[in-house]
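Student: I have a new structure to look at. Could you show me how to read it?

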Amino acid sequence: MQTLTVDLGARSYPIHVGAGLIGRAELILPHLPMPRVAIVTNSTVGPLYLDTLRAALEDAGVSVLPIVVPDGEQYKNAETLGHIYDALLAARMERKGTLIALGGGVIGDLTGFAAATYLRGVPFIQVPTTLLAQVDSSVGGKTGINHPLGKNMIGAFYQPRLVLADTDTLDTLPDRELSAGLAEVIKYGLIRDAAFFAWLEENMERLLARDGEALTFAILRSCRNKAEVVAADEREGGLRAILNLGHTFGHAIEAGLGYGVWLHGEAVAAGMVLAADLSRRLGWLTVAEVERVRRLVRRARLPDRAPDLGLPRYQALMGLDKKVEGGRVRFVLLKRLGEAVVTADVPEALAAATIEENVASV
Ligand SMILES: NC(=O)c1ccc[n+]([C@@H]2O[C@H](COP(=O)([O-])OP(=O)(O)OC[C@H]3O[C@@H](n4cnc5c(N)ncnc54)[C@H](O)[C@@H]3O)[C@@H](O)[C@H]2O)c1
Ligand SMILES: O=C(O)C(=O)C[C@@H](O)[C@H](O)[C@H](O)COP(=O)(O)O
Ligand SMILES: [Zn+2]
């Protein structure tokens, strides 16, 4: 097991990464104010991993309330959140009870927001079981739910007490989901870690083949990048927005197609290629550099073109992005491979051409 820390003063927390961690209650116990937890999971992950986690905790004297919600991005909404509150209230979960998110980013975001709001805040722990959740969503405290008009529109910054990333859980992850996680991994290389981008170009096949050493390296390197950004700017006053590379286009794709049609990582992958192409149009990246981005995305078995929703629909959806200021979309773009910038100074015609020249019919 290897451990990193998200450095947030009194709210700092560890990220443990390694094999077989779900069965190790001793890693969780120090973070529980009282021996009572609710494990929130879904109908896919529950049958795979709930028993192991539950038995480990119960054997250690912890009372466990399982809450199983339906699986899918389309359930990351107010209705599912309501079911979680209902179950917590029915079981009289108290303020010192801890919520544990067992699953991917959907479960993590939902459970984190439930924890931020139930009784005005109870402790929570992330046990991420997808690559995407292990490299990104379980770290940093962005929690929330979708709105039909836009992704993650309702939420809170609320940090977990612990992130427990058991790499064994990736054994059961479908290939498509593994690739989706690789999108956010590539993101770290593009925004602030050129050496990691080059490493990914060398090692993409090992990652796709689920080589344990390569995956663990990529998870730790990604978490280290994210932890450093979050420690510097927890609530996205500035720097943290670079973690949104590809998301302005990507969130428009997810909401525009309907949640769950394209996976989050797939939409972000196409969005990053568009962001790279827009950066080229602004004179920052070369054609060859955009091709490097496109090639790596394709090698990760991810889409490098966006679905053709029509330009007006893209513009309307992107106008709802959380980074919009004074009505102007703020784009996360690339000055070079390994350095992101956030700018509203983008001629509308260039953004429009980027979309129109990078779409493919779905
Ligand atoms: N909070 C953040 O900082 C942040 C960062 C990135 C993404 N997100 C959010 O995370 C979500 C995407 O997360 P995701 O990609 O993990 O999707 P997900 O949570 O939908 O999980 C993907 C699929 O894999 C299944 N699954 C999970 N673990 C499994 C396992 N070990 N074996 C087999 N199947 C497994 C799930 O049931 C689901 O069907 C989006 O809602 C996105 O907006 C949040
Ligand atoms: O942690 C962050 O900050 C991120 O932006 C990480 C993203 O990968 C993630 O998808 C996040 O949920 C997007 O944030 P949002 O504020 O655009 O909803
Ligand atoms: Zn994301």
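Tutor: Let's go from the whole chain to the ligands, keeping in mind that this is a predicted model.

Student: Okay, what does the secondary structure of the chain come to?

Tutor: Count up the elements and you get twelve helices and 13 strands.

Student: How does the radius of gyration fit a compact globule?

Tutor: The idea is to set the value against what the chain length would suggest. A compact globule of 362 residues would come near 21 Å, and the chain has 20 Å, so the two agree. Along the principal axes, the C-alpha atoms fill a box of roughly 60 × 40 × 40 Å.

Student: And how many of the residues count as buried?

Tutor: That's 49% of the 362. Contacts are worth a look too: taking those with a separation of 6 or more, 74% join residues 24 or more positions apart.

Student: Now the ligands. Which residues come nearest to ligand 1?

Tutor: For a ligand, look at who sits around it. Ligand 1 has 30 residues around it, with T44, G104, G105, T130 and S137 nearest. Several elements each give at least two residues to this shell, among them α1 (45–59), α3 (105–117) and β8 (150–157). By class, the shell holds eight nonpolar, 14 polar and eight charged residues.

Student: What classes make up the shell around ligand 2?

Tutor: One nonpolar, four polar and six charged residues. The surrounding residues include D136, K142, E184, R240 and H247.

Student: Which domains do they come from?

Tutor: Domain 1 (2–172) and domain 2 (198–360) each provide at least three residues of the shell around ligand 2.

Terms used. Residues numbered from 1 in each chain as written. Chains lettered and ligands numbered in written order. Predicted model: local features only at pLDDT ≥ 70, side-chain atom pairs only at ≥ 80, totals over all residues. Near = placed C-beta within 6 Å. Nonpolar A, V, L, I, M, F, W, Y, C, P; charged D, E, K, R; others polar. Domains from an automatic or database assignment. Helix = DSSP H or I, 4+ residues; strand = E, 2+ residues; numbered from the N terminus. Rg over C-alpha atoms; globule rule 2.2 N^0.38 Å. Buried ≥ 20, exposed ≤ 12 C-beta atoms within 10 Å, placed from the backbone. Contact = placed C-beta atoms within 7 Å.
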